[in-house]
Amino acid sequence: MHIVRIGLDLAKYVFHLHGVDERGKVVLRKTLRRPAVALFFANLPPCIVGMEASNGAHYWAKTFSELGHDVRLISPQFVTPYVKSNKNDRNDAEAICEAVGRPNMRFVPVKSAEQLAIQAIHRIRSRLVANRVRLVNQIRGLLGEHGVVIAQTIGNLRRALPRIVDEESNGLNSIVRELIGELREELIDLDRRVAIYDRKIRELYRTSAACQRLGMVEGIGPITATALVAAAGDAKCFKNGRQFAAWIGLVPRQRSSGGRSRLLGISKRGDRYLRTLLIHGARAALGRIRGKQDPRSLWLLKARERHHPNVVAVALANKNARIAWSLLASGMSYDQRLTVSSA
């Protein structure tokens, strides 16, 4: 029995394996408990191991790579077409084994422990920010029921809450005033916790040369730079900057047929968090171009005259993604003059 390729269906406790030889003939179907997985692959000659890029995949990829295996992670959406008949763990393992053997299959880069740590900081911060948004909306809704309307932005709410809670002449019910006071304390606590993670991100940004290079690009700050490094620390996994931008989902969707090309809105594939950061950073950069005479700003001003601001923001985010790939892949520092000719 000579196994050349294995499809591994990941799970919490029970793992299913499907292996084939060089002719594609099935030579292995096996079910393993979690403690036996590493031992099984340690006693197996080096081969290709395919897994879906799901929870725990990067941990197992590192483990199997250290044992000498060639590990390839696949996005689950590319495995689905190879599932035969009913979906179950055994059929999933077979589909993964089939998909990993396709010559033109796209694979997910394996993240290092440092990348996963940075990603964890971003995910926790993102959850705290989302909780804060929900809390602010709830406070606005409760106050709106009693005729108290506050201008937009969280800053206006922070400034108005002390007056609303402390002044008894505003006509608020005492119970509602007490509840708003409790929600205000919760908002202060969330602000404090978000600030802690902001400091962690700034510290990572200051100690990373790659992040420092990315931060020189207009529209990329410490949060976006560290998120880019966490998502694609090894940019050489991508052929070029356009492929990297397509991976993030910043290129047009296509619906072409019969020799007629039809381009739609951006595909929105890949990492939504990373795409959001790039677009918001591009919007911030667009707000600071007036009065500037450098070629990049002039290009953006001309684009603003022809297109909607949102279209220009996405175009700038696409361009920044390509520049970020170039800086990560080459190790060079950012030079704005080199980006003007392609603008």
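Visitor: What does the side chain of Asn-240 reach at 2.8 Å?

Guide: The backbone nitrogen of Gln-243. A polar contact is a pair of N or O atoms within 3.5 Å; within protein, one must be able to donate a hydrogen and the other to accept it, and residues adjacent in sequence count only if both atoms are side-chain atoms. At 2.8 Å, this pair is a polar contact.

Visitor: What kind of model is this?

Guide: This is a predicted model, where local features need pLDDT of at least 70, side-chain atom pairs count only at pLDDT 80 or more, and totals for chains, interfaces and linings use all residues. Residues are numbered from 1 along each chain as its sequence is written, and side-chain values use heavy atoms, with hydrogens and water left out.

Visitor: Where is Asn-240 found?

Guide: In the loop between helix H9 (222-231) and helix H10 (241-248). Helices (H or I, at least four residues) and strands (E, at least two) are DSSP runs, numbered from the N terminus.

Visitor: Why is Asn-240 called partly exposed?

Guide: Buried means under 20% relative accessible area, exposed over 50%, and partly exposed in between (1.4 Å probe, protein chains only). Asn-240 has 31% relative accessibility, so it counts as partly exposed.

Visitor: What makes Cys-97 buried?

Guide: Its relative accessibility is 1%, so Cys-97 falls under the 20% limit. Cys-47, at 6%, also counts as buried.

Visitor: Why is there no bond between Cys-47 and Cys-97?

Guide: A disulfide is a pair of cysteine sulfur atoms within 2.5 Å. The sulfur of Cys-47 is 9.3 Å from the closest cysteine sulfur, in Cys-97, so the pair is too far apart for a bond. A search of the whole structure finds 0 disulfides.

Visitor: Why is strand S1 described as largely enclosed?

Guide: Because 5 of the 5 residues of S1 (residues 5-9) are buried. Arg-5, Gly-7 and Asp-9 point one way, while Ile-6 and Leu-8 point the other way.

Visitor: How do you know that S1 and strand S2 pair?

Guide: Two strands pair if DSSP finds at least two bridges between them. S1 and S2 (residues 14-20) have 5 bridges, in the antiparallel sense. One of the S1 residues, Arg-5, has Val-20 as its bridge partner in S2. S1 and S2 form a hairpin with 4 residues between them.

Visitor: What makes S1 and strand S4 a pair?

Guide: S1 and S4 (residues 48-52) have 4 bridges, in the parallel sense. That meets the limit of at least two. In S4, Met-51 is the bridge partner of Leu-8.
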